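Take a look at the protein below. This report goes from the whole chain down to single residues.

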Amino acid sequence: MFGFIFRSVSLAIQLAILAVVLCAIGLDLWRFANVKIEETQKLVIPQGASIKSIVDEMQVGETFTTSRDQIYAYIYLRFVSLENPPQAGDYKIPSGTTVFNALQMFTQGRVTQSSITFIEGKTFKDIRRTLNHNQNIQH
């Protein structure tokens, strides 16, 4: 009889500990989802970049407040990338953007747009020179 009571109390304690741990993780994830980036940042994701290299580029202190944030970002990108992998490109992350929204920018491919103007009547040589001097174009 005491064995049954002991097992029931032990199970109740284990369940209570599990509930506390899950609540703590949930609160920390909520905090992570609402962390705002303080300064505007530029991030370049090269073609074929791994998720780890993307997360490493967003360093603790600049984008993330703790190293746990890097782990959460890695896990988020790992699961989301099964359907929508991070897209290569130049990203401008405005100040006040949450880290979660920045990660969504990468998976949705919301890259910085640039423009170039070709003036009518210019020669091919002039157009090549314009392309070569434009820092936003890589070829």
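How much area does the protein expose, and what share of it do carbon and sulfur atoms supply? The exposed area is about 10,200 Å². Carbon and sulfur atoms supply 60% of that area. Keep in mind that this is a predicted model.

**Overall form**

Start with the outline. The C-alpha atoms fill a box of roughly 95 × 30 × 20 Å along the principal axes. The radius of gyration of the protein is 24 Å. A compact globule of 139 residues would have a value near 14 Å. Of the 139 residues, 24% count as buried.

Now the build. The protein has 5 helices and 2 strands. From the N terminus on, the order is α-β-α-α-β-α-α.

Contacts add to the picture. Take those between residues at least 6 apart in sequence. Of these, 55% join residues at least 24 apart.

Charges come next. The protein holds 13 positive and 11 negative charges. The mean positions of the two sets are 3 Å apart.

**An aromatic pair**

A search of the whole structure finds 2 aromatic pairs. One of them is formed by Tyr-91 and Phe-106. Two values describe such a pair: the distance of the ring centres and the angle of the planes. Here the centres are 5.0 Å apart and the planes stand at 70 degrees. Why is the pair called edge-to-face? Planes over 60 degrees apart count as edge-to-face, and these rings stand at 70 degrees, so the pair fits that label.

Where do the two residues sit? Tyr-91 lies in strand β2, residues 89–93. Phe-106 belongs to helix α4, residues 99–108. The pair therefore ties together parts that are 15 residues apart in sequence.

**Three buried residues**

Are Tyr-91 and Phe-106 buried or exposed? Tyr-91 is buried, at 1% relative accessibility. Phe-106 is buried too, at 0%. Asn-134 can be set beside them, since its relative accessible area of 17% also makes it buried. The cut-off for buried is under 20%.

| Residue | Relative accessibility |
|---|---|
| Tyr-91 | 1% |
| Phe-106 | 0% |
| Asn-134 | 17% |

**A look at Asn-134**

Where is Asn-134 found? Asn-134 is in the segment after α5, a helix that covers 124–133. Which residues does Asn-134 touch, leaving out those up to four places away in sequence? Asn-134 touches Ser-115 and Ile-116.

Terms used
Residues are numbered from 1 along each chain as its sequence is written. This is a predicted model: local features need pLDDT of at least 70, side-chain atom pairs count only at pLDDT 80 or more; totals for chains, interfaces and linings use all residues. Side-chain values use heavy atoms; hydrogens and water are left out. Helices (H or I, at least four residues) and strands (E, at least two) are DSSP runs, numbered from the N terminus. Buried means under 20% relative accessible area, exposed over 50%, partly exposed in between (1.4 Å probe, protein chains only). Contact means heavy atoms within 4.5 Å. The radius of gyration is taken over C-alpha atoms; the globule rule is 2.2 Å times the number of residues to the power 0.38. Accessible areas come from the Shrake-Rupley method with a 1.4 Å probe; for residues, only the protein chains shown count as cover. Lys and Arg count as positive and Asp and Glu as negative; His and the chain ends are not counted. The place of a charge is taken as NZ of Lys, CZ of Arg, CG of Asp or CD of Glu. Rings of Phe, Tyr and Trp (its six-membered ring) pair if their centres lie within 6.5 Å; planes under 30 degrees apart count as stacked, over 60 as edge-to-face and the rest as tilted.
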